[in-house]
Amino acid sequence: MITQKKLESLKYENLDTVKAYNIKLSLRSFFEQPDRKAGEEFLKRWYFWATHSRLVPIVKAAYTIKDHWGGILNWFSSRITNGLLEGLNSLIQAAKARARGYRNKENFITISYIIASDLDYGLPALC
């Protein structure tokens with residue numbers, strides 16, 4: 001396990017992984033901006049930094065953010081993210097992979113509802 005001291009020592013190394021990690025961490029500060037205007041200014045600075053990092057995955061992520069710029073900035077008015085939907089999609093995709101296909105669309109929809117719900121079926125506990 002990496003200690004905090006070890007992480008701090010890597011902070012000042014000129015490694016691509018450290019640079020990528022710092023860019024990633026700095027993006028989290030977007031959600032700490034007080035309003036949409038400050039958020040947009042923050043994103044502009046972050047986008048410039050990311051696109052000039054010469055790190056292909058980071059540049060690719062920056063372009064994705066640019067493609068969804070308006071939706072990302074809408075967070076300031078709605079405070080809603082798509083995290084819940086991503087989580088449900090992950091559960092459904094895992095069920096789909098486990099089953100290796102369903103006989104028909106209705107069965108797949110039914111199992112998706114069962115997996116995504118928080119129902120208590122009252123089944124006896126197995127010892």
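**Exercise 1. Where does Arg-79 sit, in terms of the helices around it?**

Solution. This is a predicted model, so keep that in mind as you click through it.
- Step 1: Find the flanking elements. Arg-79 lies in the loop that links helix 6 (75–78) to helix 7 (83–99).
- Step 2: Check the backbone. Arg-79 isn't a glycine, yet its phi is positive, near 60°.
- Step 3: Check the cover. The relative accessible area of Arg-79 is 46%. Exposed would need over 50% and buried under 20%, so Arg-79 goes down as partly exposed.

**Exercise 2. Work out the backbone, place and exposure of Arg-54.**

Solution.
- Step 1: Look at phi. Arg-54 has a positive value of about 60°, although it is no glycine.
- Step 2: Place it. Arg-54 belongs to the loop between helix 3 (36–51) and helix 4 (56–67).
- Step 3: Classify it. Because its relative accessibility is 77%, Arg-54 counts as exposed.

**Exercise 3. Track down the salt bridge and describe its setting.**

Solution.
- Step 1: Count. The structure holds 1 salt bridge.
- Step 2: Name the partners. Lys-44 pairs with Glu-41, and their closest N and O atoms are 3.7 Å apart. The cut-off is 4 Å.
- Step 3: Look at the spacing. Lys-44 and Glu-41 are 3 residues apart in helix 3, so about one helical turn separates them.
- Step 4: Check exposure. Lys-44 is partly exposed at 42% relative accessible area, and Glu-41 is partly exposed at 38%.

**Exercise 4. Dissect the largest nonpolar core.**

Solution.
- Step 1: Get the members. This core has 15 residues, and those touching the most other members are Phe-30, Leu-43, Trp-46, Ala-50, Trp-69 and Leu-73.
- Step 2: Assign them to elements. Helix 3, helix 4, helix 5 (69–73) and helix 6 each give two or more residues to the core. Helix 3 supplies the largest share, 5 residues.
- Step 3: Zoom in on Trp-46. Leaving out residues up to four places away in sequence, Trp-46 touches Ile-23, Ser-26, Leu-27, Ala-62 and Ile-65.

**Exercise 5. Which residues make up the nonpolar surface patch that includes Tyr-121?**

Solution.
- Step 1: List them. The patch is formed by Ile-114, Leu-119, Tyr-121 and Leu-123.
- Step 2: Size it. Together these residues have about 460 Å² of accessible area.
- Step 3: Place Tyr-121. You'll find Tyr-121 in the segment after helix 8 (105–116).
- Step 4: Check its cover. With a relative accessible area of 49%, Tyr-121 is partly exposed. Patch members need over 30%.

Methods. Residues numbered from 1 in each chain as written. Predicted model: local features only at pLDDT ≥ 70, side-chain atom pairs only at ≥ 80, totals over all residues. Heavy atoms only, no water. Helix = DSSP H or I, 4+ residues; strand = E, 2+ residues; numbered from the N terminus. Buried < 20%, exposed > 50% of the residue type's maximum accessible area, 1.4 Å probe, protein only. Salt bridge = Lys/Arg side-chain N within 4 Å of Asp/Glu carboxyl O. Patch = residues over 30% accessible without salt bridge, like charges linked within 9 Å, V, L, I, M, F, W, Y side chains within 5 Å. Areas by Shrake-Rupley, 256 points an atom, 1.4 Å probe, with all protein chains shown as cover. Core = buried A, V, L, I, M, F, W, Y, C linked by side-chain atoms within 4.5 Å. Contact = heavy atoms within 4.5 Å.
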